[in-house]
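Trainee: Please take a close look at one part of this model, namely how its strands are paired. I would also like to know which side-chain pairs accompany that arrangement.

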Amino acid sequence: MLPFEIGIKDIIDVFLVALMLYYIYRLMKESRSLNVFIGIMVFVLVWLFVSKILEMRLLGSILDKLVSVGVIGLIILFQEEIRRFFYQLGAHQRFRAISKFFSNNNKSEQEDKATIVPIVLACMSMSKERVGALIVIERGISLNDIVDTGDLIDARINQRLIENIFFKNSPLHDGAMVISKKRVKAAGCILPVSHDLNIPKELGLRHRAALGMSQNSDAITIIVSEETGRISVAMRGEFRLRLSAEELESLLAKEMEA
C-alpha cells in the first residue's frame with residue numbers, strides 16, 4: 001500500500017500551481033526579468049529543501065523570515081507587472097461579459113455609428129495627407145490619469161475637429177487625443193511608452209506609445225503614421241497594422257460593442 005494517495009483535489013492543486021507559475025513566467029519574460037524569476041524559483045526550492053526535507057531549524061527559520069520580507073519587496077519591485085496581470089485577468093472576455101451584464105450598459109447601433117464614422121473619415125483624410133495622429137478610445141477602464149496630462153476639450157466628436165487638432169502646426173498635434181463617453185475629452189495627452197523589444201524597428205514612437213497604452217488599459221488606440229500614412233490599431237498589447245477604412249470601421253464597431 002502506498003504511503004499516500006493522490007486524489008482529484010491534489011491534481012487540481014498541482015494544475016493551479018503550474019498555471020500560476022506559467023503566468024508569472026510569462027510576465028517576467030515580457031518585462032525582461034526572467035533571470036529574477038529563475039533566481040526566485042531556485043531560492044524557493046532551497047527553502048523547501050532545507051525546511052521540509054532536511055528540517056534544519058535554524059537555517060530554515062532564517063529563510064522563513066527572508067521569504068516573508070521578500071514577498072513585500074517583490075510586490076514593490078514588480079508592481080507594474082502585478083498590475084498588468086490583474087488587468088489581463090479582468091480584461092478576459094468572460095469576465096468582461098459578467099461586468100457588462102451587471103453594468104447594464106445598453107448601446108444602440110446608431111450611437112456607435114455616430115461615434116465611429118467621424119473617426120474613420122478623419123483617419124482616412126489624415127492618412128492621405130501624411131498627418132500623424134494618435135487617438136485613444138476609452139472603454140471599461142477610466143483614462144482620467146491620461147486626460148490630466150493633456151488639455152481638456154470636452155467636445156462632440158467631429159471629423160474637422162480631429163483633423164485640426166492633429167494639423168502639423170497645431171500645438172496639440174504631438175500628443176494623443178482621448179475619446180471618452182462619445183466625446184473628445186482631451187488632446188495633447190502623454191501615453192506610457194512600451195519598452196517591448198519585439199516591436200518592429202520601422203514603427204516609431206507613436207506606435208510604442210499606443211502599445212504601451214494597450215498594455216496598461218483596455219483602450220483602443222488608433223495610429224496614423226506621419227511617414228507612411230498607414231493606419232494601425234493597438235489593443236490588448238497587440239498591433240493590427242495597415243488597416244483600410246472598411247477594416248478600421250469594422251474593428252471599431254466590433255470592439256466598442258464588446
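**Strand pairing and its surroundings**

Mentor: Strands E1 and E3 are paired in the parallel sense, over three bridges. Two strands count as paired if DSSP finds at least two bridges between them. The elements themselves are DSSP runs, numbered from the N terminus: helices are H or I runs of at least four residues, and strands are E runs of at least two. Please note that this is a predicted model, in which local features need pLDDT of at least 70 and side-chain atom pairs count only at pLDDT 80 or more, while totals for chains, interfaces and linings use all residues. Residues are numbered from 1 along each chain as its sequence is written, and side-chain values use heavy atoms, with hydrogens and water left out.

Within this pairing, Val136 stands opposite Val178 of E3. The wider setting is an open sheet of seven strands with mixed pairing, in the order E2-E4-E3-E1-E5-E6-E7. Strand E2 (151-156) and E7 occupy the edges with a single partner strand each, so one side of each has no neighbour in the sheet. From one strand to the next, the twist averages 25°. Helix H9 packs on the sheet and touches E1, E5, E6 and E7, its direction making about 175° with that of E5. Contact here means heavy atoms within 4.5 Å, and the angles run from 0 to 180 degrees between N-to-C directions, with axes fitted to C-alpha atoms (for helices, over the stretch in contact).

Strand E3 spans residues 176-180 and includes Ser180. Ser180 counts as buried because its relative accessibility is 9%; buried means under 20% relative accessible area, exposed over 50%, and partly exposed in between, with a 1.4 Å probe and protein chains only. Neighbours within four places in sequence aside, Ser180 is in contact with Glu138 and Lys185. The side chains of Ser180 and Glu138 are joined by a polar contact of 2.7 Å, that is, a pair of N or O atoms within 3.5 Å; within protein, one must be able to donate a hydrogen and the other to accept it, and residues adjacent in sequence count only if both atoms are side-chain atoms.

Charged pairs come next. Side chains of opposite charge can pair when their charged atoms come close. A salt bridge is a side-chain nitrogen of Lys or Arg within 4 Å of a carboxyl oxygen of Asp or Glu, and the whole structure holds four of them. In one of them, Arg139 meets Glu255, with the closest N and O atoms 3.2 Å apart. Arg139 lies in the loop between strand E1 (133-137) and helix H7 (144-147), and Glu255 in helix H10 (residues 245-257), 116 residues away. Both are buried, since Arg139 has a relative accessibility of 17% and Glu255 one of 6%.

Glu255 also forms a salt bridge with Arg236, at 2.7 Å between the closest N and O atoms. Arg236 sits in the loop between E6 and strand E7 (238-240), 19 residues from Glu255. Arg236 is partly exposed, because its relative accessible area is 40%. Arg139, Arg236 and Glu255 are thus linked in a network of salt bridges.

Another salt bridge joins Glu226 and Arg206, at 3.4 Å from N to O. Glu226 lies in the loop between strand E5 (220-224) and strand E6 (231-235) and Arg206 in helix H9 (residues 205-216), so the pair ties together parts 20 residues apart in sequence.
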